[in-house]
Amino acid sequence: MSRTTFLRAATAAVAVTAGSAVLAACGGNASAEGDKPKADAKPSAAASSAAPAADKSGITVTHVGGPTTILEVGGARFLIDPTFDQPKKYKSGLEKIKAPAFGADKIGKIDAVLLSHDQHDDNLDDSGRALLKEIPVVYSTPGAQKRLGDHVTGLKPWDAKELKTATGTVKVTAVPALHGPDGVDRGADGEVTGFVLSGDGVPVTYVSGDNASVKVAKEVGDRVKKEIGPVDTAVLFAGAARTPAILKNAPLTLTSKNAALVAKDLNPRKVVPVHTDSWNIYSEDLPSLVAAFKEQGIADKLVDVQPDGTPKPVK
């Protein structure tokens, strides 16, 4: 399938097997209740051309760039941390250095946005902010709801909402995340959330958000396993994001080593690595992540999702 064809039908499934041989070669900005949109809610930009979501029992991921990922699970299509700007510098000092695989007009029908936080451009840029108004359901932090409006559903840690889908229901649970090293408190600027998706027949899926703490991830994993079930797939934000202006350049997301430690502890069937490219804040990249997973003996858990906009089944 050519790239042009893909951009015209962004949600068409392309079966690509993520093998270890491929992995070896890999190189901060609706009163939705989660069950139904407002009656006058606008459809997403390309809803009319969207293909059906993946089978309820499976997971398909499309990595657009940075943290931005389309996650098809439980009969629904979730958009994680929308960033669709072209390369540019921001007033915050962050800089986007690579264009997304495709624009916001090519995402197809999105049922809900999983927004880890709204304060930093690399998790919600200008195009992403505009897009939120077109998505019927947006889950994020209580602070994001205050800043962005009641179209956003603010969830405290362990709050949960149910999203109705064509094939049933997906339960969306907010889980703790720490945007910096253990013990830090960045106040409102550091408020972030992760998510867990679950439900009858739905693979338990953990989305870490901008969490840098192995301890926090372990606590989340232990509670999820006890109350929901074993994690099938973990979407880990890595890249060891750093900026000199915050915490003396300490990592604000998982380092490669810590991402591997989290994966080893959670023991999911598969790990989808994101948040390692397209911005100037990353101190580590995908190759270092692959190396860290190899060192821990779990390289086979990694799914090779390059930020090229190609939908890939998580097998």
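The accessible surface of the protein chain in this predicted model comes to about 12700 Å². Carbon and sulfur atoms account for 51% of that area. The chain has 315 residues, and 56% of them count as buried. Here a residue is called buried if its relative accessible area is under 20%.

Turning to secondary structure, the protein chain holds seven helices and 15 strands. Six of the strands form an open sheet, and a reader following the sheet across would meet them in the order β9-β10-β11-β12-β13-β14. The pairing within this sheet is mixed. At its edges lie β9, which covers residues 160–165, and β14, which covers residues 270–274. Each of these two strands pairs on one side only. From one strand to the next, the twist averages 20°.

Within the sheet, β11 and β12 offer a pairing that can be followed residue by residue. Strand β11 spans residues 194–199, while strand β12 spans residues 202–207. The two pair in the antiparallel sense, and four bridges link them. Leu 197, for example, has Thr 205 in β12 as its bridge partner.

Side chains with aromatic rings were also examined. A search of the whole structure finds one aromatic pair. In general, two such rings are described by how far apart their centres are and by the angle of their planes. A charged side chain can be found over a ring as well: Arg 223 lies over the face of Trp 158. The distance from Arg 223 to the ring centre of Trp 158 is 4.1 Å, and the cut-off for such an arrangement is 6 Å.

Technical notes
Residues are numbered from 1 along each chain as its sequence is written. This is a predicted model: local features need pLDDT of at least 70, side-chain atom pairs count only at pLDDT 80 or more; totals for chains, interfaces and linings use all residues. Side-chain values use heavy atoms; hydrogens and water are left out. Rings of Phe, Tyr and Trp (its six-membered ring) pair if their centres lie within 6.5 Å; planes under 30 degrees apart count as stacked, over 60 as edge-to-face and the rest as tilted. A charge sits over a ring if NZ of Lys or CZ of Arg is within 6 Å of the ring centre and within 35 degrees of the ring normal. Buried means under 20% relative accessible area, exposed over 50%, partly exposed in between (1.4 Å probe, protein chains only). Accessible areas come from the Shrake-Rupley method with a 1.4 Å probe; for residues, only the protein chains shown count as cover. Two strands pair if DSSP finds at least two bridges between them. Axes are lines fitted to C-alpha atoms, for helices over the stretch in contact, and angles run from 0 to 180 degrees between N-to-C directions.
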